[in-house]
Amino acid sequence: MAMSQRKGTIDVMATVVVSGDAHFDELVLDPDVVLSDRILVVNSVGISLWSRTFTTSDDGVEETLWTRQARWLPARNEPGFVPIIRRGDALDIVRTGGVGVVALDDQGFVHARLAEKSVRDALHRIRGHLGVDLGQDLGIGLPVPQRRGDYISAISVGDEPVVAVSPEGRVALRLDKASMQAVAAEIVLPGGRYETPDVVASLDAWDVRRDGDILRFTANYWGNHPRAYVKRGSGDPWAESISEIQVRLLYGDELADAPLSHCPDHFAHILVPNDGHGQEGLNGEVTEAEADDIDRSGKGFAAMAADSWLRASKRAKPWIGARSEAVLGADLDELAEGQALYNLARACTQFRQAVAPYSKRSSVQAVSLLQGAADGRPDYKAALLRLSRRIVTETGTRQINLYQPAGTAFEGRPTSVFGTVDAYRERGEIPLVLVSPIYPMRRRSGSMLQPDPVGMTMLAELDGLAGPDWLPPLAFYAELHRNNIAVDFEIMDGCSLVAPSFGLTFIEAETGRSIEVVDSEVTADPITLEPTRLLVTLAEQPVGGGVLRYAYDNLQPIFDLSGSTFCNGGDMRDSWSHPSITGETLHRYAFSFEFNLRGYQHAED
């Protein structure tokens, strides 16, 4: 019987008759009850398909003739019988809106879509066609349910109920194994459906779930205890983390290109885009490569800074992206306007694209700027502030980490030394952070201006620890009285100043001669009472004042590149310390300073 195809209507493709008679070759039914030209007869022996034709007898009376066209037997094949349904096909019994919701295959299994209302409506129509109350025994010997949780069998195949109805009107379907597998494949649980550990057989993994091309599992992989991991396709496993990843970028000239001594420990958390440029970046070159996934970061300054942050963090460990853009010989103007800045901004886009398949988003946590070891331009402060504003605009970074240059092996007085500190003092809304001076690190063999690999590793570790409130000792005021000089410092709360054993020099203004510094000690500031004042004692009272310097042009130039110190050096710091991955100890060393002090004209005064 053809019926309307509107959504929500049911097309009766065949009337189902449930019979207790296991053997019959003829079928006679009331045509007013049977609404279709085909009937499926279901009994304990099997299922047979009958079709209806109309004939006229000799006396002119119209008669209905039912002819069996096909038969499904649960355990045997009838000789000479060819079913009309081919292997693998199924016959629709009920359709909803033109879509089959109940069907019968060549093996006698009933297939159904799990749409409860549609199937319940279908059974309601079957009940109406047959004139049978579903509350009655349907003739196959099953008891009428009386208690909660019982069901009335509506359709059976080979004595096995396949469709049943509860007293509350709920429909229960018993599906074959293939149907169950098909249904299971459509069910997506939170975190994905379960898989066997065979899909990650190379790992000590369990509790494996698949969500599209993403595998999530627990494993012994990184660290000394099991944790959750995520893996995409044939890529590397990554430690499961929060949805936002942090990006750390390194920017600058050849000072930013110095090698490190150690690799990061958190290899399952630190990543780069898979655009083929790794952590090293493009060095100012042009590229069209696009990222669609992530790779391991390997060794580098930004990755070590990320590793240092992760080691110190007591919170959830996020993924951290790491990339460098170092251009040999670049000045501040080139970094502010050229291809390098475009590459730095483009790296932010590459990170967003790379982590999108993992349902994560990225933001730039810090841009570390290493530049100007030998830069003597008079407007260094203004140029550094312009560059910093451009970096914030192009990357949206939360902070820019600065390092005070230490000069070179030959020159200790480039304007970049104090220009960096002056830019910090006039930063306004620019999120500048002074991380460390470079002078405490040893110089790399073969280089005039790069720290050695251990020094670069320690600078990167400090970079990772430096938050918005980070500040090594910064001198802001000095006063000369006779042969004593009081120098006041700004330092971090909870710390005290530690006096230097070397690094202080004094040049008398009137004669230009050097006056020996015989002692230095930390005293309490008379106003704050905090141990933030350094009292310097000179060997004699200077005439006409002079210049007090710390870690500035105080060491002899070294005219070979065998690796040693820079022309600036000292060991003044605050009381904070932290273990380094190198085996050394990290300290917050004081920034280089210079004060022109007005003194007495006559020694006897």
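Is Tyr221 buried, partly exposed or exposed? The structure shown is a predicted model, and in this model Tyr221 has a relative accessibility of 29%. Buried means under 20% relative accessible area and exposed means over 50%, with partly exposed in between; Tyr221 therefore counts as partly exposed. Its aromatic partner, Tyr229, has a relative accessibility of 1% and so counts as buried.

Before these rings are considered further, the chain as a whole deserves a description. The chain has 605 residues, of which 49% are buried. Its secondary structure consists of eight helices and 34 strands. Among contacts with a separation of 6 or more, 63% are made by residues 24 or more positions apart. The chain exposes about 28700 Å², and carbon and sulfur atoms supply 49% of that area.

The aromatic side chains offer a way into the structure. A search of the whole structure finds twelve aromatic pairs. One of them joins Tyr221 and Tyr229, whose ring centres are 5.5 Å apart and whose planes stand at 90 degrees, an edge-to-face arrangement. The rings of Trp470 and Trp576 form another pair, with centres 5.2 Å apart and planes at 80 degrees, so this pair is edge-to-face as well. Trp470 lies in the loop between α8 (453–465) and β24 (474–481), while Trp576 belongs to strand β32; the pair therefore ties together parts that are 106 residues apart in sequence. Both Trp470 and Trp576 are buried. Elsewhere, Tyr439, Phe489, Tyr550, Phe593 and Phe595 form one aromatic cluster.

Aromatic rings also appear beside charged groups. The charged end of Lys360 sits over the ring of Trp319, at 4.8 Å from the ring centre. In a second case, the charged end of Arg427 sits over the ring of Tyr424, at 4.1 Å from its centre.

Trp319 leads to a further residue, since it is among the contacts of His269. Where does His269 lie? His269 is placed in the loop between β17 (244–252) and β18 (270–273). With a relative accessibility of 0%, His269 counts as buried, because buried means under 20%. Leaving aside neighbours within four places in sequence, His269 is in contact with Trp222, Arg227, Trp238, Ala239, Leu310, Lys317, Pro318, Trp319 and Ile320.

Ala326 is a residue of strand β20, which covers residues 320–326. Its relative accessible area is 1%, so Ala326 is buried. When residues up to four places away in sequence are not counted, Ala326 touches Gly252, Asp253, Ala256, Asp257 and Asn283. Gln371 is 45 residues from Ala326 along the chain, and the C-alpha atoms of these two residues are separated by 9.2 Å.

The final stop is at the surface. Which residues make the nonpolar surface patch of about 390 Å²? The patch is made by Phe410, Met448, Phe559 and Leu561. Phe559 is found in the loop between β31 (546–550) and β32 (573–579). Phe559 has a relative accessible area of 68%, and since exposed means over 50%, this residue is exposed. Strand β32, which follows this loop, is also the strand that holds Trp576. Thus Phe559 is exposed, whereas Trp576 is buried.

Methods
Residues are numbered from 1 along each chain as its sequence is written. This is a predicted model: local features need pLDDT of at least 70, side-chain atom pairs count only at pLDDT 80 or more; totals for chains, interfaces and linings use all residues. Side-chain values use heavy atoms; hydrogens and water are left out. Patches are made of residues with over 30% relative accessible area and no salt bridge: like charges are joined within 9 Å, nonpolar side chains (Val, Leu, Ile, Met, Phe, Trp, Tyr) within 5 Å. Accessible areas come from the Shrake-Rupley method with a 1.4 Å probe; for residues, only the protein chains shown count as cover. A salt bridge is a side-chain nitrogen of Lys or Arg within 4 Å of a carboxyl oxygen of Asp or Glu. Helices (H or I, at least four residues) and strands (E, at least two) are DSSP runs, numbered from the N terminus. Buried means under 20% relative accessible area, exposed over 50%, partly exposed in between (1.4 Å probe, protein chains only). Contact means heavy atoms within 4.5 Å. Rings of Phe, Tyr and Trp (its six-membered ring) pair if their centres lie within 6.5 Å; planes under 30 degrees apart count as stacked, over 60 as edge-to-face and the rest as tilted. A charge sits over a ring if NZ of Lys or CZ of Arg is within 6 Å of the ring centre and within 35 degrees of the ring normal.
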